[in-house]
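Subject: Structure handover and what was found in it

Dear colleague,

I am passing on the structure we spoke about, together with some notes on what can be read from it. Please keep the sequence and the 3D view open beside this message while you go through the notes.

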Amino acid sequence: MIKNLVIVESPAKAKTIEKFLGNDFMVKSSFGHIRDLHGKNLSVDINNGFEPEYIIPSDKKKLVGELKKLAKEAETVWLASDEDREGEAISWHLLEALELNENKTKRIVFHEITKNAITKAVENPRKIDRNLVDAQQARRVLDRLVGYELSPVLWKKIKPSLSAGRVQSVAVRLIVEREREIQGFESESAFRVIANFIVGGNTILKAELPKRFSTKAEAETFLNSCKNAEFVIEGLETKPSKKSPAAPFTTSTLQQEASRKLGFSVSQTMTVAQKLYESGRITYMRTDSVNLSDEAIAAAKQEITQSFGAEYSQVRKFATKSKGAQEAHEAIRPTYMNVHTISGDPSLSRLYELIWKRAVASQMSDAKLEKTTVTINISTNKEKFVAKGEVLLFDGFLKLYMESTDDENNDDDESILPPLKQGEKLQLREIIAAERFSQHPPRYTEASLVRKLEELGIGRPSTYAPTITTILKRGYVVKEDREGKERNYSVLTLKNAQIKDETKKENYGAEKKKMFPSDIGTIVNDFLVENFNKVLDYGFTAKVEEQFDEIAEGLKKWNKMIEEFYTPFHKTIENTMENAERASGERVLGLDPESKKEVIARIGKFGAMIQIGRADDEDKPKFASLQPNQTIENITLQQALELFKFPKVLGNHNGQEIVVAVGKFGPYVKYDKLFVSIPKDEDINSVNLQRALELISIKEKADAPIDTYENMPVQKGVGKFGPFIKWNNMYISVNRKYNFDNLTSKDIAELIEEKKRKDIDKVIYNWESDGISVQKARWGRFDLIKGKIKIELPKDIDIESFDLAKAKKLIEEKTPIKKAKKK
């Protein structure tokens, strides 16, 4: 008989916990949630207090059966899922689905996976907190109601296959509104004046004029006034200053800093942090608390004293400012402060070191500085130059860590100043008046979007990463780099009593890993803002989060909260479905010079396009797809008309036409049976015959066989998911074990045979005479395949009773189950 059965939600966590528990404990994983709302219908009983209708997915039934059997044999069942609302809900679903006896079931929580924490948890069990469960259930039900009722409105009023979510739609709104701010921004120029003085024979003192001149003429007038001026130090002010360390990481600050310092995406940060937590390296990674336990503070103090000296230690207790902080009771920190780094996976070690440095630095002394401000009198002018500098007297926490910022326009330049004294006469080397331009508000990065959502009180630590992942996956937002543009700027230089006037060039506006709204994202946003303004209101969305917090604290009934939201929301749905106009984002660009018909940019069935003429005209309208770098809002009439020049024959090569055209996936060159994509940053209009031949040659070399296997060619390439080889119409990933640049025949044979073996293992049914098979897919799902037809079978299908007749029926319908539920 099993004495103690411990159930956690992940196998990695189970493996770590097992090390700290004795032989009396068996640790098993539920692999996340074992129950969920049905995927094919609403699964919420609107007429019965919004009760959710949960099911056990088919891929979890076997696991549930095994856990149920073990639970019946055990004297005590310990539910040890994570300590946040999601974890509490997982434990409650286990209690319900496994039909556990509450008298022999104990709930334990811990925010770090260490022997001490696990022992304390076992010594202090509790019952499942239904308030936390209800808060999670309220979020799940509300989001299901919004998505399930709002999406059909988008299908009818914009285009099929669209979907909408409560928090995701608000995130898209932020990005759309920022883009419109940027598009409406008018840059203004002004002249920034900097003087370089020679001190002590060869040291340069850099000083700046506090004011900027609006025009070139004003700047030139000022420089002329300085031609015969004397420059004397009028004021020399020195003040002590200090810098204090940042608080230890919360979920959002970790996501922001990992983005800035390591280049991690928000979802990558959470994936890596989850692994660190489950392996016992760090505390729980979904938290909005900046608090450190007394034990952690004492451990940090000891480590700082040993590593840097007692003068570097300063005990600090940080207060959590975030509204509704509830996910956990401690900041993200290392479980052992004396472990500075870890070996193995570079992404794990890099994030761990960032967390260690931030946590330890938070308990270190202030950095002590001396700041100096120098005021320089100009004998011929009432204006004064100012130089600023600082000296680091004691590095304190800066010895270990300095927080990054998102400020892209930081012009502060406080360097160490040379020895100076009041009344000292300075020798002028030069004065430079350079034209500078005001800059538009910055586009969001993933990190700055998380910060903005947190500032507005929208979402919680567990929701930031899924929100961003969802809006990118739906195509409402794209994250990409964009090249800058070139512009001229004026520079006036006064040197040796002479003014030199130059025009220089600079690149501006380049973007790296920034978030841009897509055309469809903009149109969906505008439609939702117009018709569902309350749902997309920032304050209202934050108020909903506060209500979830009230439910978690037992101050509000979850179904009452849902009812208050749903009743007016459903009325708006009905009214919009009945009365709202279709939205296509239509923008009239002007008239086509040849046909004299309107040229329109709008959303069509396959995305953004240009249309010449209307559907009710005598002649059918002409259509052309936009290029990847064009949007409905920024395309001009001339650019739109250029798209109708394609497809265009560039010439012939070896008796075959070479054609340049624009397709569903962007511009391409066609030669015989070969299709070659034109690089994203390349203008299709610049592709001539010579360039097309270059692209064809590159493609032919890339596609050339590198070997043969079983008398069939083997090709290689690099795709979306990394390096691969292609053989017999099979794409086979090449992992790091192999040298991709120098694959041997032995390597190729190994890769192909391994792929063939895996494909055999994937097959559940194979009705060879009918050319039909059922194969394992990702996430425990199954695919029904016949030739090029692939149908994803529903989550809850009973695969054991599935037969050829059912397969044929589904194939005849030729409608994937996942599309059917959108009717």
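Which residues of the largest nonpolar core touch the most other members? Before coming to that, please bear in mind that this is a predicted model, so the confidence values deserve a look alongside the geometry.

The answer is Phe110 and Leu351, which touch the most other members of a core that holds 127 residues. Helix 5, spanning residues 130-157, gives the largest share of this core, namely eleven residues. If you centre your view on Phe110 and leave aside residues up to four places away in sequence, you will find that Phe110 touches Lys13, Ile17, Ala80, Glu83, Ala117, Ile118, Ala121 and Tyr277. There is also a second, separate core, made of 28 residues, and among them are Ala195, Ala219, Phe222 and Ala387.

The chain as a whole

The chain has 823 residues, of which 47% count as buried, and its fold is built with 21 helices and 34 strands. Taken along the principal axes, the C-alpha atoms fill a box of roughly 95 × 80 × 65 Å. The chain exposes about 42800 Å², and carbon and sulfur atoms supply 48% of that area. Among contacts between residues at least 6 apart in sequence, 67% join residues that are at least 24 apart.

As for confidence, the mean pLDDT of the chain is 90, with 96% of the residues reaching 70 or more. Confidence is highest in helix 7, at a mean of 97, and lowest in helix 21 (residues 817-820), at a mean of 41. Over residues 816-823 the pLDDT is below 50, although this stretch has 13 contacts in the model beyond near neighbours in sequence.

Salt bridges

Side chains of opposite charge can pair when their charged atoms come close. The structure holds 59 salt bridges, and a few of them are worth following one at a time.

In one of them, the side chains of Glu383 and Lys211 meet at 3.8 Å, N to O. Glu383 lies in the loop between strand 12 (367-378) and strand 13, whereas Lys211 lies in the loop between strand 10 (203-208) and helix 7 (216-225), so this pair ties together parts that are 172 residues apart in sequence. Glu383 has a relative accessible area of 17% and is therefore buried, while Lys211, with 37%, is partly exposed.

Another salt bridge joins the side chains of Glu506 and Arg487, at 2.9 Å, N to O. This pair links distant parts of the chain, with Glu506 in strand 17 (residues 498-508) and Arg487 in strand 16 (residues 485-495), 19 residues apart. Both Glu506 and Arg487 are buried.

The side chains of Arg691 and Glu682 also meet in a salt bridge, at 2.8 Å, N to O. Arg691 counts as partly exposed because its relative accessibility is 22%, and Glu682 counts as buried because its relative accessible area is 16%. Elsewhere, Glu9, Lys13, Asp82, Asp84 and Arg286 are linked in a network of salt bridges; Lys13 has already appeared above, as one of the residues that Phe110 touches.

Single places to look at

Is Cys226 buried or exposed? With a relative accessibility of 1%, Cys226 counts as buried, and its place is in the loop between helix 7 and strand 11 (231-243). Cys226 touches Phe231, Ile378, Thr380, Ile431 and Leu494, not counting residues up to four places away in sequence. Of these, Ile431 is 205 residues away from Cys226 along the chain, and yet the C-alpha atoms of the two are separated by 8.8 Å.

Thr631 sits in the loop between strand 22 (622-625) and helix 17 (637-642). Thr631 counts as buried because its relative accessibility is 18%, which is under the 20% cut-off. Leaving aside residues up to four places away in sequence, Thr631 touches Asp519 and Leu626.

Finally, on the surface, Val391, Leu393 and Ile416 make a nonpolar patch of about 300 Å². Leu393 lies in strand 13, which covers residues 384-394, and its relative accessibility of 56% is why Leu393 counts as exposed.

With best wishes

Terms used: Residues numbered from 1 in each chain as written. Heavy atoms only, no water. Patch = residues over 30% accessible without salt bridge, like charges linked within 9 Å, V, L, I, M, F, W, Y side chains within 5 Å. Areas by Shrake-Rupley, 256 points an atom, 1.4 Å probe, with all protein chains shown as cover. Salt bridge = Lys/Arg side-chain N within 4 Å of Asp/Glu carboxyl O. Helix = DSSP H or I, 4+ residues; strand = E, 2+ residues; numbered from the N terminus. Buried < 20%, exposed > 50% of the residue type's maximum accessible area, 1.4 Å probe, protein only. Core = buried A, V, L, I, M, F, W, Y, C linked by side-chain atoms within 4.5 Å. Contact = heavy atoms within 4.5 Å. pLDDT = per-residue confidence, 0-100.
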